[in-house]
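Hi,

Here is the structure I promised to pass on. Have a look at it first, and then read my notes underneath.

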Amino acid sequence: MSKTIVETDAGTVTAFAFDKSQGLSEHTAAYDAMVIVIEGNVEIRISGNVFQLKEGQVIILPANKPHAVKALTKFKMLLVMIRAK
């Protein structure tokens with residue numbers, strides 16, 4: 001489930017909620033994005049490197065690098081995307 005909270009020419013803020021084992025398949029984005037873990041535990045894969053994050057942690061998803069998200073528990077995050085000038 002996702003809900004866009006802010007959407008402007010400068011960027012977006014989107015809230016996501018996942019059940020355990022749900023996620024986002026590998027993809028790329030044209031802009032850097034920041035994931036803020038609000039609740040639960042998650043595995044984030046960036047260009048083949050695996051990172052496990054928990055509530056309160058933050059990670060940057062670099063533009064044009066493949067990344068994927070997999071909830072290790074029920075999981076909530078904010079995705080902040082800032083569009084480059």
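Below is what I found, going from the sheets to the aromatic rings and then to a couple of single residues.

One thing before you start: this is a predicted model, so please read everything here in that light.

**The five-stranded sheet**

Five strands make up an open sheet, in the order β1-β2-β9-β4-β7, with antiparallel pairing. The edges are β1 and β7; each has a single partner strand, so one side of each has no neighbour in the sheet. On average, neighbouring strands here are turned by 20° against each other, ignoring direction.

If you want to trace the pairing by eye, start at β1 (residues 2-8), which runs antiparallel to β2 and is joined to it by six bridges. These two strands form a hairpin, with two residues between them. A handy landmark is lysine 3, whose bridge partner in β2 is alanine 15. From there you can carry on across the sheet, as alanine 15 has leucine 78 as its bridge partner in β9. β2 and β9 are themselves antiparallel and pair over eight bridges.

Threonine 14 also sits in strand β2. Its relative accessibility is 11%, so it counts as buried. Apart from its neighbours within four places in sequence, threonine 14 touches Ser2, Lys3, Thr4 and Ile5, as well as Met77, Leu78 and Leu79.

**The four-stranded sheet**

There is also an open sheet of four strands, ordered β3-β8-β5-β6 and again described by antiparallel pairing. Its edge strands are β3 (23-27) and β6 (49-54), each pairing on one side only. Neighbouring strands in this sheet are turned by 20° against each other on average, direction ignored. β3 and β8 run antiparallel and are joined by three bridges. To find that pairing on screen, look for leucine 24, which has valine 69 as its bridge partner in β8.

**The phenylalanines**

Which residues do the ring pairs link into a cluster? They are Phe16, Phe18 and Phe75. The count of aromatic pairs comes to two. In one, the ring centres of phenylalanine 16 and phenylalanine 18 are 5.9 Å apart and the planes are at 0°, so this pair is stacked. The other joins phenylalanine 18 to phenylalanine 75, and is stacked too, at 5.7 Å centre to centre with 15° between the planes. That second pair links distant parts of the chain: phenylalanine 18 belongs to strand β2 (residues 11-18) and phenylalanine 75 to strand β9 (residues 75-82), 57 residues apart.

Are these rings buried or exposed? Phenylalanine 16 counts as buried because its relative accessibility is 15%. Phenylalanine 18 is at 8%, so that one counts as buried as well, and phenylalanine 75 is also buried.

**Lysine 65**

Last, a residue in a loop. Lysine 65 lies between β7 (58-61) and β8 (67-71). With 41% relative accessibility, lysine 65 counts as partly exposed. Where does the chain come into contact with lysine 65, leaving aside neighbours within four places in sequence? The contacts are His27, Thr28, Ile46 and Ser47. Glutamate 43 is 22 residues away along the chain, and its C-alpha atom is separated from that of lysine 65 by 16 Å.

Cheers

Notes: Residues numbered from 1 in each chain as written. Predicted model: local features only at pLDDT ≥ 70, side-chain atom pairs only at ≥ 80, totals over all residues. Heavy atoms only, no water. Buried < 20%, exposed > 50% of the residue type's maximum accessible area, 1.4 Å probe, protein only. Contact = heavy atoms within 4.5 Å. Phe/Tyr/Trp six-rings, centres within 6.5 Å; stacked < 30°, edge-to-face > 60°. Pairing = 2+ DSSP bridges. Axes fitted to C-alpha atoms, helices over the stretch in contact; angles between N-to-C directions.
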